[in-house]
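Let's take a walk through this one together. Have the viewer open and rotate along as we go.

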Amino acid sequence: MATGSLRASAVLAAFFGLTVPLMPVQAILLRVSDRAARRFPHWYHRQVCRLLGVKLNIEGSVAKGAPVLLVCNHTSWLDIPVLSALAPVSFVAKLEVGSWPFVSALARLQRSVFVDRTRRLAAGNAANAITMRLQQGDTIVLFPEGTSSDGNRVLPFKTSLFGAVAGATVPAAEPVVVQTAAVVYTHMHGVPVTRAERPRIGWYGDMEMTSHAWGVLKSGAITVTIKVGPPVPLTDFKDRKDLALKSERAIRRDVLAILRGRPDGDLVPVEPSQEARRTKVAAPVRKSDKWT
């Protein structure tokens with residue numbers, strides 16, 4: 001117990017020692033170089049993953065030289081540094097994240113797109129913002145489950161934010177592509193994580209962020225597998241519902257393949273019932289404690 005707390009304290013001190021001096025650097029890059037401002041957080045989060053003891057096992061790659069809508073499942077706050085270490089990306093986050101102490105500054109420095117989920121027109125405004133950023137050549141990460149899970153399953157995707165598909169016909173420097181990324185935390189200290197243990201990494205339900213983060217920092221080395229799907233032109237999808245369903249099926253298949261350690265061609269994932277898709281996920285008890 002004492003060793004774990006000592007480790008967590010050392011990691012936390014190293015994190016702030018790395019982060020605080022670099023925040024003004026990113027602020028300057030945002031003013032002088034869009035290209036550098038995209039790439040610097042990618043380098044930074046690779047260092048953060050090393051500090052946290054997170055080993056990245058990456059299958060596939062995010063397309064370069066094209067705007068990408070990167071659709072991902074969502075398990076933990078760890079997804080943020082992990083996916084940013086994967087490629088230069090920006091995130092779609094709920095509006096409340098913009099008021100979190102310290103985290104809000106990091107989110108804004110990474111040019112996150114904030115969504116107000118309390119207003120009916122917010123989804124349309126968010127889709128417009130995502131479309132604009134894609135036209136500028138950015139890679140935008142979308143967590144369409146609308147909340148995080150325990151890591152043992154993929155929740156039904158919400159279709160509203162996939163309205164970015166409506167902007168596919170607007171001229172852009174390069175055609176927009178869609179890719180999926182299945183994120184699964186597979187090992188702790190080199191030992192496979194079981195179904196019962198995986199929620200120790202997952203940050204979901206009414207979990208409080210500070211205590212959960214402290215527990216993760218104490219736990220030691222974690223291995224995460226990220227399987228990135230091939231790029232598909234955004235124009236290949238009929239509408240937002242088609243995009244949501246096909247992305248969900250691809251991620252569900254890849255998550256199951258990683259969990260089972262078997263080729264995805266051998267697996268037939270069970271899809272949620274129509275009733276489950278229509279059921280809205282209950283809002284977490286502490287609304288400010290969730291990214292999406």
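What follows starts with confidence, then moves from a helix to the surface and on to two single residues.

First, keep in mind that this is a predicted model. The chain averages a pLDDT of 84, and 83% of the residues score at least 70. Where does confidence bottom out, and where does it peak? In the chain, helix α8 (residues 274–278) has the lowest mean, 62, while α3 has the highest, 96. Also take care with residues 281–288: pLDDT stays under 50 there, and the model gives that stretch 9 contacts beyond four places in sequence.

So what surrounds α3? This helix covers residues 79–86, and 8 of its 8 residues are buried, which means it is largely enclosed by the rest of the structure. If you want to click through them, they are Asp79, Ile80, Pro81, Val82, Leu83, Ser84, Ala85 and Leu86.

Now swing out to the surface. Leu12, Phe16, Val20, Phe102 and Trp214 make a nonpolar patch of about 390 Å². Which helix gives the largest share of that patch? Helix α1 (residues 2–32) does, with 3 residues. A bit of helix geometry is handy here: an α-helix has 3.6 residues a turn, so residues three or four places apart point the same way. Trp214 comes from helix α6 (residues 209–219). Its relative accessibility is 30%, so Trp214 counts as partly exposed.

Back to helix α1, which also holds Gln26. Is Gln26 buried or exposed? Its relative accessibility is 4%, and since the cut-off for buried is under 20%, Gln26 counts as buried. As for the polar end of that side chain, one of its polar atoms lies 3.0 Å from the backbone oxygen of Ala37. Setting aside residues up to four places away in sequence, Gln26 touches Ala37, Phe40, Pro41 and Leu109.

The last stop is Val176, in the loop between β5 (139–142) and β6 (177–188). Loop or not, Val176 counts as buried because its relative accessibility is 15%. What does Val176 pack against, leaving aside neighbours within four places in sequence? Its contacts are Pro67, Leu134, Val232, Pro233 and Leu234. Asp138 is another residue to look up from here: Val176 and Asp138 are 38 residues apart in sequence, with 9.6 Å between their C-alpha atoms.

How values were computed: Residues are numbered from 1 along each chain as its sequence is written. This is a predicted model: local features need pLDDT of at least 70, side-chain atom pairs count only at pLDDT 80 or more; totals for chains, interfaces and linings use all residues. Side-chain values use heavy atoms; hydrogens and water are left out. Buried means under 20% relative accessible area, exposed over 50%, partly exposed in between (1.4 Å probe, protein chains only). Helices (H or I, at least four residues) and strands (E, at least two) are DSSP runs, numbered from the N terminus. Patches are made of residues with over 30% relative accessible area and no salt bridge: like charges are joined within 9 Å, nonpolar side chains (Val, Leu, Ile, Met, Phe, Trp, Tyr) within 5 Å. Accessible areas come from the Shrake-Rupley method with a 1.4 Å probe; for residues, only the protein chains shown count as cover. A salt bridge is a side-chain nitrogen of Lys or Arg within 4 Å of a carboxyl oxygen of Asp or Glu. pLDDT is the predictor's confidence in each residue, from 0 to 100. Contact means heavy atoms within 4.5 Å. A polar contact is a pair of N or O atoms within 3.5 Å; within protein, one must be able to donate a hydrogen and the other to accept it, and residues adjacent in sequence count only if both atoms are side-chain atoms.
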